[in-house]
Amino acid sequence: LLNIALPDNIVEIGNAAFRSCSSISECILPNKLTSISDYLFEDCNSLNKIILPNSLISVGYDSFKNCKSLIKVDFPDSLQKLDNGSFSGCGLITLNLPPSIKEIRYNAFGNCPIEDIFCNWTDPIECSNGAFDSWIYSIAKLYIPIGTTNKYTTIDPWRNFFDIIESEQCSSIENNLYNPLEIFDIYNITGLLVKRSININELYSLPHGIYIVKSEGKTLKIKI
């Protein structure tokens, strides 16, 4: 197995179905899947790309544990729960956590070399201090919506981060543009349309730079 594209009529995948399939590099999960089962891709150390469906609600226990080649995941706006160890031991460098997430459990991102975390809650959720390794607090930058520093600095685990930065990249999307039914037109700084989508998180798949996002008469400049 190298690349997997599972058909959309699949609504459930059993625990550990692809565990230790070391040759898998890419996988597209079916559109109707609402949960990723426990240990599903554990020890798939060649997995470098996973497409999560917009229907996804929860990621199970150790689902992607030790997927060391997985450095980026686009979380859908439907996601609500990340279970224990769900992405522990992955190669994740940047996290963009959508405002739909309500629960992040112990060791969800343990042993990940995270450098940047973008939190999109105006009212941050409280989760286990053990969701991240303690050394991450002094290394990773935490980006939060503008005007929310007082909230993040009083709630675990966010208050433990040394470098907390208010960013339009977080606040503008949730407060000013976020609507799952809207269509987003994304332009580069020269005015060229580079993407049209109903999923604003696709913005983060673009190269670093400055973009203009337009939606239903609203316009925002965003730096990636």
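**View 1. Glu103 and Arg105 join through their side chains in a salt bridge.** The N to O distance is 2.6 Å. This is a predicted model, and the distance is computed from its atoms. Glu103 is partly exposed, at 29% relative accessibility. Arg105 is partly exposed as well, with a relative accessible area of 32%. The pair does not stand alone: a network of salt bridges links Lys81, Asp83, Glu103 and Arg105. Across the whole structure, the search finds 8 salt bridges.

**View 2. A salt bridge connects Lys151 with Asp123.** Nitrogen and oxygen lie 2.7 Å apart. Lys151 sits in helix α1, residues 149-152. Asp123 belongs to the loop between β9 and β10. The two residues are 28 apart in the chain, so the bridge links distant parts of it. Lys151 counts as partly exposed, at 36% relative accessibility. Asp123 counts as exposed, at 51%; the cut-off for exposed is over 50%.

**View 3. Arg19 and Glu42 form a salt bridge between two loops.** The N to O distance here is 3.0 Å. Arg19 lies in the loop between β1 (3-5) and β2 (26-28). Glu42 lies in the loop between β3 (35-36) and β4 (49-51). The partners are 23 residues apart, and the pair links distant parts of the chain. Arg19 is partly exposed, with a relative accessible area of 39%. Glu42 is buried, with a relative accessible area of 8%. Glu42 counts as buried because its value falls under 20%.

**View 4. The largest nonpolar core holds 50 residues.** Phe64, Ile104 and Phe109 touch the most other members. Three strands each supply at least two residues of this core: β7 (94-97), β9 (116-119) and β10 (141-144). Which residues does Ile104 contact, once its neighbours within four places in sequence are left aside? The contacts are Leu82, Leu97, Phe109, Trp121, Ile125, Cys127, Ser128, Ala131 and Trp158. A second, separate core has 5 residues, among them Phe184, Ile186, Leu206 and Val213. In soluble globular proteins, nonpolar side chains tend to be buried together. Of the 224 residues of this protein, 49% count as buried.

**View 5. Strands β1, β2 and β4 make an open sheet.** The order is β1-β2-β4, and the pairing is parallel. β1 and β4 stand at the edges, each with a single partner strand, so one side of each has no neighbour in the sheet. Neighbouring strands are turned by 0 degrees against each other on average, direction ignored. β1 and β2 pair over 3 bridges in the parallel sense. Ala5 has Ile28 of β2 as its bridge partner. Strands of a sheet pair through backbone hydrogen bonds, either parallel or antiparallel.

**View 6. Strands β12 and β13 form a hairpin.** β12 spans residues 184-188 and β13 spans residues 193-197. They pair in the antiparallel sense over 4 bridges. Ile186 stands opposite Lys195 in β13. Ile186 is also one of the residues of the second nonpolar core. Which residue of the hairpin takes a positive phi? Gly191 does, near 95 degrees. The hairpin has 4 residues between the strands.

**View 7. Cys90 and Cys112 are in no disulfide.** The search of the whole structure finds 0 disulfides. For Cys90, the nearest cysteine sulfur is that of Cys67, 4.9 Å away. A disulfide needs sulfur atoms within 2.5 Å. Cys90 counts as buried, at 3% relative accessibility. For Cys112, the nearest cysteine sulfur is that of Cys90, 5.3 Å away. Cys112 counts as buried too, at 0% relative accessibility.

**View 8. The whole chain has 2 helices and 15 strands.** Contacts are counted here between residues at least 6 apart in sequence. Of these, 34% join residues at least 24 apart.

How values were computed:
Residues are numbered from 1 along each chain as its sequence is written. This is a predicted model: local features need pLDDT of at least 70, side-chain atom pairs count only at pLDDT 80 or more; totals for chains, interfaces and linings use all residues. Side-chain values use heavy atoms; hydrogens and water are left out. A nonpolar core is a set of buried Ala, Val, Leu, Ile, Met, Phe, Trp, Tyr and Cys residues joined through side-chain atoms within 4.5 Å. Buried means under 20% relative accessible area, exposed over 50%, partly exposed in between (1.4 Å probe, protein chains only). Contact means heavy atoms within 4.5 Å. A salt bridge is a side-chain nitrogen of Lys or Arg within 4 Å of a carboxyl oxygen of Asp or Glu. Two strands pair if DSSP finds at least two bridges between them. Axes are lines fitted to C-alpha atoms, for helices over the stretch in contact, and angles run from 0 to 180 degrees between N-to-C directions.
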